[in-house]
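Visitor: I have a model open and would like to go through it residue by residue. Can we start with one position and work outwards?
Guide: Yes, here it is.

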Amino acid sequence: MLTKTALTKTRPLMIAASAIAVMGITGCASDSASMEMKSTDYVVTGLGDDRQEALEEAKERALEVCEARDRDEFIIQDQQVLGPDASDEKRDKAEAMVEGGTVNEDTNLAALNDDGEHYKAIWSISCR
């Protein structure tokens, strides 16, 4: 059993130890929270003479966007592939998807506007 004098001397040590423990737990929580990165969706496009070529170009653009952010993988959040004879409804849906994405230096704006005889792949991606 501790005397009143011993208790008075150990109480500040116990408070200090508790404070250090709480700071340690809080420090761990903030470190792990800082490692989580907010996901940003990017719009990438590909243009090609056929569907496969358009998809391959979209893939190349997606990898370029993610590599610029020190990421080597991406998740396709949404995909639209438009052929030369795509309906107006499908084109409107693809255009609405583009409005929600982040456009950067790798976004192929010419492909977004092409309504010619090409296939167009439009992806909304998140890098990871």
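Visitor: Where is Thr45 found?
Guide: Thr45 sits in strand β1. Keep in mind that this is a predicted model.

Visitor: Is Thr45 buried or exposed?
Guide: Thr45 is buried, because its relative accessible area is 0%, and the cut-off for buried is under 20%.

Visitor: What does Thr45 touch, leaving out residues up to four places away in sequence?
Guide: Its contacts are Glu57, Ala58, Arg61, Asn108, Ala111, Leu112, Ala121 and Ile122.

Visitor: Asn108 is on that list. Where does Asn108 lie?
Guide: Asn108 is in the loop between α3 (88-99) and α4 (109-113).

Visitor: Why does Asn108 count as buried?
Guide: Asn108 counts as buried because its relative accessibility is 17%, and the limit is under 20%.

Visitor: And which residues does Asn108 touch, again without those up to four places away?
Guide: Thr45 and Glu57. As for distances, the C-alpha atoms of Asn108 and Leu47 are separated by 8.7 Å, with these positions 61 residues apart along the chain counted as their separation.

Visitor: Back to β1. How many of its residues are buried?
Guide: 6 of the 8 residues of β1 are buried, so the strand is mostly covered.

Visitor: What about β3, how many there?
Guide: In β3, 8 of the 9 residues are buried, and this strand is mostly covered too.

Visitor: In which sense do β1 and β3 pair?
Guide: They pair in the antiparallel sense, over 8 bridges. Asp41 stands opposite Ser126 of β3, and Gly46 stands opposite Ala121 of β3.

Visitor: How many bridges join β2 and β3?
Guide: There are 8 bridges between β2 and β3, and the pairing is antiparallel. Gln79 stands opposite Trp123 of β3.

Visitor: Now the interior. Which members of the largest nonpolar core touch the most other members?
Guide: Val44, Ala121, Trp123, Ile125 and Cys127, out of 13 residues in that core. At least two residues come from each of β1 (41-48), α2 (51-67) and β3 (119-127). The most come from α2, which gives 6 residues.

Visitor: Is that kind of grouping expected in general?
Guide: In soluble globular proteins, nonpolar side chains tend to be buried together.

Visitor: What does Ala121 touch, not counting residues up to four places away?
Guide: Ala121 is in contact with Val44, Thr45, Gly46, Ala54, Leu55, Ala58, Gln80 and Val81. There is also a second, separate core of 8 residues, which includes Val43, Val98, Leu112 and Ile122.

Visitor: Tell me about α2. Which of its residues are buried?
Guide: The buried residues in α2 are Ala54, Leu55, Glu57, Ala58, Ala62, Val65 and Cys66.

Visitor: What do the buried residues of α2 pack against?
Guide: They pack against β1, β2 (74-82) and β3.

Visitor: How far does α2 reach from its first C-alpha to its last?
Guide: The 17 residues of α2 reach 24 Å, close to the 24 Å expected at 1.5 Å a residue.

Visitor: Which residue caps the N-terminal end of α2?
Guide: Asp50 does: one of its side-chain oxygens lies 3.3 Å from the backbone nitrogen of Gln52.

Visitor: Switching to Met97. Which helix holds it?
Guide: Met97 lies in α3. Met97 counts as buried because its relative accessibility is 10%.

Visitor: What is Met97 in contact with, neighbours within four places left aside?
Guide: Val43, Asp78, Gln79, Gln80, Ile122, Trp123 and Ser124. Met97 and Ile122 are 25 residues apart in sequence, and their C-alpha atoms are 8.5 Å apart in space.

Visitor: Last topic, the whole chain. How many helices and strands are there?
Guide: The protein has 4 helices and 3 strands, in the order α-β-α-β-α-α-β from the N terminus.

Visitor: What share of the residues is buried?
Guide: 30% of the 128 residues count as buried. The protein exposes about 8,800 Å², and carbon and sulfur atoms supply 54% of that area.

Visitor: And of the contacts between residues at least 6 apart in sequence, what share joins residues at least 24 apart?
Guide: That share is 74%.

Definitions and conventions
Residues are numbered from 1 along each chain as its sequence is written. This is a predicted model: local features need pLDDT of at least 70, side-chain atom pairs count only at pLDDT 80 or more; totals for chains, interfaces and linings use all residues. Side-chain values use heavy atoms; hydrogens and water are left out. A nonpolar core is a set of buried Ala, Val, Leu, Ile, Met, Phe, Trp, Tyr and Cys residues joined through side-chain atoms within 4.5 Å. Buried means under 20% relative accessible area, exposed over 50%, partly exposed in between (1.4 Å probe, protein chains only). Contact means heavy atoms within 4.5 Å. Two strands pair if DSSP finds at least two bridges between them. The expected span of a helix is 1.5 Å times one less than its number of residues. A polar contact is a pair of N or O atoms within 3.5 Å; within protein, one must be able to donate a hydrogen and the other to accept it, and residues adjacent in sequence count only if both atoms are side-chain atoms. Accessible areas come from the Shrake-Rupley method with a 1.4 Å probe; for residues, only the protein chains shown count as cover.
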